[in-house]
Structures are given as structure tokens and as C-alpha cells.
Amino acid sequence: VTCLWGKSARRAAQIGVLALAALAWPGGASAGAGAHTPLYPAGMACGKISSPFGDLRDLDGSRRKAPHTGIDLGNHGDVVIAPARGTLVAIWAVHHPWGRDWNLLMRHTTQDLNLPTRPVVYYSEFDHLQRKDIPPFEPGQTLAQGTPIGIVRHPANAPRFRAEVHLEVYEIPLQDLSDTTWHNDHGFRYWWNDAAKLIDPLTMMGHHMTQGQGKGVAPAMFQPGKTRPDFPGFVYPLACGET
Ligand SMILES: [Zn+2]
């Protein structure tokens with residue numbers, strides 16, 4: 001298994017159900033086809049999405065037990081950035097049977113995202129980071145869009161796994177946010193909120209596009225000093241630079 005999504009089997013099953021409930025599932029086919037096809041700029045200087053949201057096929061060609069709960073992206077050494085302004089919620093170590101890595105969780109309000117005001121917040125969780133690559137952030141700290149938050153590494157720093165960062169995005173009604181709880185299942189730490197709705201991270205990267213503009217989502221690449229302060233939604237969560 002090479003998609004090291006990293007959640008416990010129990011949570012995988014729960015999330016699989018959530019994912020199925022949240023999407024019109026296209027008959028077991030990859031959800032990467034259709035509305036959420038990524039359209040990349042020419043000469044992009046960083047890794048693409050290696051496994052889309054909802055994908056049932058793993059990177060090694062094997063079939064996943066549950067639809068992919070996020071996207072895997074990047075090449076080894078790519079810089080992971082905050083895709084939008086937000087608040088740092090937590091950085092924590094996760095012990096898997098195959099090794100240890102670190103996760104980082106951010107919270108974004110609709111104001112942070114320059115989206116129409118709604119009583120929801122978004123959680124973005126980045127998995128398979130390494131502690132030494134994460135700056136010394138404090139929980140509650142505001143991170144600006146484009147802030148480096150880690151580096152794409154091999155999960156658990158084990159070269160037998162393809163390098164990737166796994167990103168999950170959840171929408172949570174503001175009124176339910178205080179129900180978020182943290183758990184530790186034999187060293188596997190995770191947060192849980194019954195009201196959290198899993199969404200395709202690529203959806204968050206399409207808010208800057210006008211309706212009818214092409215058939216896919218063209219993520220905007222973050223460029224220091226060039227991204228508008230009112231940019232809506234997420235930029236691509238890697239610092240791609242220019243080629
Ligand atoms: Zn993944």
C-alpha cells in the first residue's frame with residue numbers, strides 16, 4: 001500500500017462512509033475524472049496531484065479499501081505552503097505501523113478565504129510532514145497565504161514510499177466546531193467531529209475561476225507579492241516558483 005493516508009482502519013471506514021455520502025459517486029470510477037480535473041499551468045515547477053480525491057486506485061495500482069479521503073501531491077523536496085490565510089490549530093506526531101510522521105491542521109473562516117460569509121469553517125490537514133521541516137508555529141497563530149509549513153518527504157522518511165503530502169479538507173458548521181475532540185489510538189492521534197463534511201481539496205482551488213471557464217479546475221500558483229489580497233479560496237498548496 002503506498003497511499004499512506006495514515007488513519008486507523010476504524011476511521012478509514014467512517015470517513016469512507018462520509019465521503020460516499022458527500023459525493024455523487026461515479027460508479028466506482030475515479031472522482032478525478034470530470035468536474036474536478038486539474039488543469040496545470042505549462043512548465044509548473046513542482047509536483048502535480050499524484051492521487052485525486054475519491055480515487056479507488058492506489059499509487060501502486062492496488063485497489064483502496066475506501067475512496068481516497070484527500071489528495072496526494074508533490075515531488076520530494078517541494079515546499080508545502082498554507083493555501084490560504086488561516087489559524088494554526090495543531091501540529092502532532094502520528095505513529096503508524098510503518099513509521100512516524102507529523103501532521104499539521106489549519107482552520108480557515110470564510111473571511112480568511114475571501115468567500116461569501118457563511119457560518120462554517122474549513123479545516124485543512126496536511127499529513128506525512130517531518131517535524132524538522134515545520135517552522136516553530138504556535139497553536140492559534142495566524143498564517144498568511146503562502147507561508148511555508150513543511151517539505152514533501154517520503155512518508156515516515158522511508159524511501160520505499162513515494163514522496164507525497166496528503167491534504168484533506170473538511171467543512172464544519174461553526175455551531176459544531178466546539179464538538180471537535182482529540183483521540184489517541186495506540187500512538188495514532190487524530191481529531192474527530194461528527195459534523196465535519198469531507199470535501200475535495202481541489203474544489204477550494206477553483207473559487208477564483210468564473211463559471212463556464214473550462215471543464216476543470218486550474219489551481220492558481222502562489223507567487224509572493226503577486227497574489228491579490230482578496231484572492232478567493234486556496235492557491236495550490238506547494239510553492240511552485242517559476243520555470
Ligand atoms: Zn493520500
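**Aromatic pairs.** I looked up the ring pairs in this predicted model, and my count of aromatic pairs came to six. I began with Tyr 123 and Trp 191, whose ring centres lie 5.0 Å apart with the planes at 80 degrees, so I entered the pair as edge-to-face. I then checked where the two residues sit: Tyr 123 belongs to strand E6 and Trp 191 to strand E11, so this pair ties together parts of the chain that are 68 residues apart in sequence. I next turned to Tyr 170 and Trp 191, which also form an edge-to-face pair, with 4.9 Å from centre to centre and 80 degrees between the planes. Here Tyr 170 lies in strand E9 and Trp 191 in strand E11, and the two are 21 residues apart.

Are Tyr 123 and Trp 191 buried or exposed? I found that both Tyr 123 and Trp 191 are buried. For Tyr 170 the relative accessibility is 1%, and because buried means under 20%, I counted Tyr 170 as buried. I noted that ring pairs join Tyr 123, Tyr 170 and Trp 191 into a cluster.

**A charge over a ring.** I also looked at Trp 102, and found the charged end of Arg 131 sitting over its ring, 5.5 Å from the ring centre.

**The nonpolar cores.** I asked myself which residues have the most contacts inside the largest nonpolar core. The core has 57 residues, and the ones with the most contacts inside it are Leu 104, Tyr 236 and Leu 238. Several elements each supply at least two residues of this core, among them strand E5 (99–109), strand E6 (120–129) and helix H2 (201–204), while E4 gives the most, with seven residues. I followed Leu 238 further and, leaving aside its neighbours within four places in sequence, I found it in contact with residues including Cys 46, Leu 73, Val 80, Ile 81 and Val 165. I recorded a second, separate core of five residues, which includes Ala 220, Phe 222, Phe 231 and Val 235.

**The disulfide.** I found one disulfide in the structure, formed by Cys 46 and Cys 240 with their sulfur atoms 1.9 Å apart. Cys 46 is in the loop between helix H1 (9–22) and strand E1 (49–51), whereas Cys 240 is in the segment after strand E13 (238–239), so that the pair links parts of the chain 194 residues apart. Both Cys 46 and Cys 240 are buried.

**The whole chain.** I ended with the totals: the chain has two helices and 13 strands, and buried residues make up 55% of its 243 residues. The chain exposes about 10,900 Å², of which carbon and sulfur atoms supply 55%.

Key:
Residues are numbered from 1 along each chain as its sequence is written. This is a predicted model: local features need pLDDT of at least 70, side-chain atom pairs count only at pLDDT 80 or more; totals for chains, interfaces and linings use all residues. Side-chain values use heavy atoms; hydrogens and water are left out. A nonpolar core is a set of buried Ala, Val, Leu, Ile, Met, Phe, Trp, Tyr and Cys residues joined through side-chain atoms within 4.5 Å. Buried means under 20% relative accessible area, exposed over 50%, partly exposed in between (1.4 Å probe, protein chains only). Helices (H or I, at least four residues) and strands (E, at least two) are DSSP runs, numbered from the N terminus. Contact means heavy atoms within 4.5 Å. A disulfide is a pair of cysteine sulfur atoms within 2.5 Å. Accessible areas come from the Shrake-Rupley method with a 1.4 Å probe; for residues, only the protein chains shown count as cover. Rings of Phe, Tyr and Trp (its six-membered ring) pair if their centres lie within 6.5 Å; planes under 30 degrees apart count as stacked, over 60 as edge-to-face and the rest as tilted. A charge sits over a ring if NZ of Lys or CZ of Arg is within 6 Å of the ring centre and within 35 degrees of the ring normal.
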